[in-house]
Amino acid sequence: MSKQRIYLHDVAPRDGFQNEKVFIETQDKISIINELSECGFAKIEATSFTSPKAIPALRDAEQVMHEIKRKPGVEYTVLIPNVRGAERALSCGIDEANLVMSVSETHNRANLRMTREKSAQGLGQIIEALKGAPVAVNVSLSTVFGCPMEGDIASSEVFRLIGHFADQGITRISLCDTTGMAYPSQVREICKRARAEFPDITFTLHFHNTRGLAQANVLAAIDTGIDRFDASLGGLGGCPYAPGASGNACTEEVVHMLELEGFDTGIDLDRLLAVSARLPDLVQHDIPSQILKAGHRLTTHPAPEGIADMA
């Protein structure tokens, strides 16, 4: 019996690196993306075409996209905030445009400096600008599972926004636990309803490990038929507008768990760990990844000296 395939997207080159205090050199970004491309990912979020003034950490977006080695079978997605960003991205041969807004009004105003209504209008303009281009469009809805300023989010608002973008022809939507507030039964409920009401949409789930529930939430989503997940190398990233929020679900920890549970991720875990091991030097601090510190489950170590001589 063949194993169920789970498709993983690594978002560290965008979602992780944009939050770092030190600038990751362009050639290092390119090298990390090239190495991730050889690990077996379905998709890599490579950069963001946001204004360099807004996110100076990713001011080298064009150079990164022009110089990475594209591996057949891997989609290279980028975050696009506006029509100008779309124009820049199209000149770089992207595979997918990722558009973002929050379900929470307060979080949207804090993060994007505009109302949800204005964000939805702006994303509609980008969608229109991309029509006819050989580019897939994904809409990422942030704070689906909760907002640190508003608390629980009404699921009716989540599904209203899914319907809004479905009506514009969008067939890819990410449901994002931007602030690490999701829990398994909630995830099952929302994912089950999303798949039932919008069977033509491919959903990706994006979890943060702020409260240690990312892996449990991945398994809960799989229970409902979801098979695509974002995660971040080393567990890098986090939401600057979520007090106390830590990073994204850690890619290598998710891969390790899924393999133990009998799923096929298509990812070479040892190769992935070798890429993750580069991160502490690049970002100049320790990273959240526990699997990088401990090794995979069957990593063995020498026995203490002298125990063989015990009576």
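How are α6 and α7 oriented relative to each other? They run roughly parallel, because their axes cross at roughly 25° and angles under 35 degrees count as roughly parallel. The model behind all of these close-ups is a predicted one.

**Figure 1. Helix α6 alongside helix α7.** Here we've got α6, residues 116-130, and α7, residues 155-166, with axes that come within 11 Å. As for handedness, the crossing is right-handed. On the α6 side, the residues making the contact are Arg116, Ala120, Leu123 and Ile127. They meet Glu157, Arg160, His164 and Phe165 of α7. Sort that contact by class and you get 4 nonpolar, 1 polar and 3 charged residues.

**Figure 2. Ile162 in the largest nonpolar core.** This core has 90 residues. Leu141, Ile162, Ile173, Leu175 and Phe229 are the ones with the most contacts inside it. Zoom in on Ile162 and skip its neighbours within four places in sequence: what's left in contact is Leu141, Ile173, Leu175, Phe198, Ile201 and Phe203. As background, nonpolar side chains in soluble globular proteins tend to be buried together.

**Figure 3. Arg113, a non-glycine residue with a positive phi.** If you're scanning backbone torsions, stop at Arg113, where phi is about 60°. You'll find Arg113 in the loop between α5 (105-112) and α6. Is this residue buried or exposed? Arg113 is exposed, because its relative accessible area is 65% and the cut-off for exposed is over 50%.

**Figure 4. Thr143, another residue with a positive phi that isn't a glycine.** For Thr143, phi comes out at about 55°. This residue belongs to the loop between β5 (136-142) and α7. Thr143 has just 1% relative accessibility, so it counts as buried; the limit for that label is under 20%.

**Figure 5. Gln290 and Glu252, 38 residues apart in sequence.** What's the spacing between these two in space, C-alpha to C-alpha? In the model, the C-alpha atoms of Gln290 and Glu252 are 9.0 Å apart. Gln290 itself is part of helix α13, which covers residues 290-294. With a relative accessibility of 47%, Gln290 counts as partly exposed, since that label covers values in between the 20% and 50% cut-offs.

How values were computed: Residues numbered from 1 in each chain as written. Predicted model: local features only at pLDDT ≥ 70, side-chain atom pairs only at ≥ 80, totals over all residues. Heavy atoms only, no water. Axes fitted to C-alpha atoms, helices over the stretch in contact; angles between N-to-C directions. Helix = DSSP H or I, 4+ residues; strand = E, 2+ residues; numbered from the N terminus. Parallel < 35°, antiparallel > 145°, perpendicular 65-115°, else oblique. Left-handed = near helix turned anticlockwise from the far one by under 90°. Contact = heavy atoms within 4.5 Å. Nonpolar A, V, L, I, M, F, W, Y, C, P; charged D, E, K, R; others polar. Core = buried A, V, L, I, M, F, W, Y, C linked by side-chain atoms within 4.5 Å. Buried < 20%, exposed > 50% of the residue type's maximum accessible area, 1.4 Å probe, protein only.
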